[in-house]
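User: I should like to go through the reasoning behind some descriptions of this structure. Please set each value against its criterion.

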Amino acid sequence: MKLGISSCLLGTMCRFDGGHSRDRFITDMLSDYFEFVPYCPEKMIFTTPREAIRLVKNDDEIRVKTSNGNVDVTQKVEDISKQLANEIQNDDLCGFILKSKSPTCGMERVKIYPSDKGMSEKVGVGVFAKEIKEKYPLLPIEEEGRLGDAWLRENFLMQIFSYKNIFEFLKINPSIKELVEFHTSYKYIIYAKSHQAYKELGNIVANHEKKDTKTILEDYKHAFLNAISLKGSISNTYNVLLHLYGYFKKDINKDEKTEILETFEEFKSGLIPLIAVIKILNLYIKRFDIEYLKAQRFLNPYPKELALRSKVEAYR
Ligand code: SF4
């Protein structure tokens, strides 16, 4: 499973000052699950160390200039960014992590300086980041800075693993029956993001317009990639828990019902993490051997060692 990464995040000494921006979560945690494909546009066109570059507003245009303002390097940075963005399609990536704040790699809130003296504004997008966002609008992309937020981190990793799963699934040239199975296994992951999105996916699978399988699969892929790019919410996740509970509530006693519903409320109030609730649900799913729920990816969306559901902050 390949992940594109801004090289300096891996510890490569390619920053303008000859240093790196190694990120421990990426190098120590994600390295067990992903093969990293490093990209550093600046290293390919400048020497290291080098004069820093910045985004500068010139009338209505954003230019890239050296920080002393003497050299305009816009064309060079745009050309290499386009070239690398084109190469990405050969790399079979399932996501990308960009270096925040960089005039080349920053995904958002990059400083834009005025051409004369004055304050910068954090409203820019790095040249390379802009290129890959435009070229691959459905590729999961995040910045290392934002991944410090447990909620964004959980959503991003969920998106990456789902992205990988749909492409692996499509490689087998599935039948409509297999598509139904895939769709069903994602029911509660999508529910936790948007009921509407699940309904739209269901309409594609139902195929009322009698389209051919190839078109259905293409439509489904597009809608699925959009759906998994949505962020989940604590209230939708709470509703999913109630749905799952509905499969065995008639088979448990009053005390057990009270206990599990209290656990859901504690999750909703941010007192306990989702993993604690899932553990209890899994006990009942095993006890009553509920095959339909065992197949739900919501209960097992990515390697548990990533521990993304162990923090109460991962849901909001
Ligand atoms: S932010 Fe991007 S361009 Fe700058 S050093 Fe890191 S990888 Fe290279």
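User: Why are H3 and H4 called oblique to each other?

Analyst: In this predicted model, the axes of helix H3 (residues 74–88) and helix H4 (residues 127–135) cross at roughly 40°. Angles under 35 degrees count as roughly parallel, and 65 to 115 as roughly perpendicular. The crossing falls in neither range, and H3 and H4 are therefore oblique to each other. The axes come within 9 Å, and the crossing is right-handed.

User: What makes H3 and H4 a pair in contact, and which residues meet?

Analyst: Contact requires heavy atoms within 4.5 Å. On the H3 side, Val-77, Glu-78, Ser-81, Lys-82, Leu-84, Ala-85, Asn-86 and Ile-88 take part; on the H4 side, Val-127, Phe-128, Glu-131, Ile-132 and Lys-135 do. By class, this contact has seven nonpolar, two polar and four charged residues.

User: Why is strand S5 described as mostly covered?

Analyst: A residue is buried when its relative accessible area is under 20%. In S5 (residues 93–98), six of six residues are buried, so the strand is described as mostly covered.

User: How do you know that S5 pairs with S1 and with S8?

Analyst: Pairing needs at least two bridges between the strands. Three bridges join S1 (residues 2–6) to S5, and three join S5 to S8 (residues 141–143), so both pairs satisfy the criterion. S1 and S5 run parallel, and S5 and S8 pair in the parallel sense. Lys-2 has Leu-93 in S5 as its bridge partner, while the partner of Ile-97 in S8 is Glu-142.

Conventions: Residues are numbered from 1 along each chain as its sequence is written. This is a predicted model: local features need pLDDT of at least 70, side-chain atom pairs count only at pLDDT 80 or more; totals for chains, interfaces and linings use all residues. Side-chain values use heavy atoms; hydrogens and water are left out. Axes are lines fitted to C-alpha atoms, for helices over the stretch in contact, and angles run from 0 to 180 degrees between N-to-C directions. Helices (H or I, at least four residues) and strands (E, at least two) are DSSP runs, numbered from the N terminus. Angles under 35 degrees count as roughly parallel, over 145 as roughly antiparallel, 65 to 115 as roughly perpendicular and the rest as oblique. A crossing is left-handed if the near helix is turned anticlockwise from the far one by less than a right angle, and right-handed if clockwise. Ala, Val, Leu, Ile, Met, Phe, Trp, Tyr, Cys and Pro count as nonpolar, Asp, Glu, Lys and Arg as charged, and the others, Gly among them, as polar. Buried means under 20% relative accessible area, exposed over 50%, partly exposed in between (1.4 Å probe, protein chains only).
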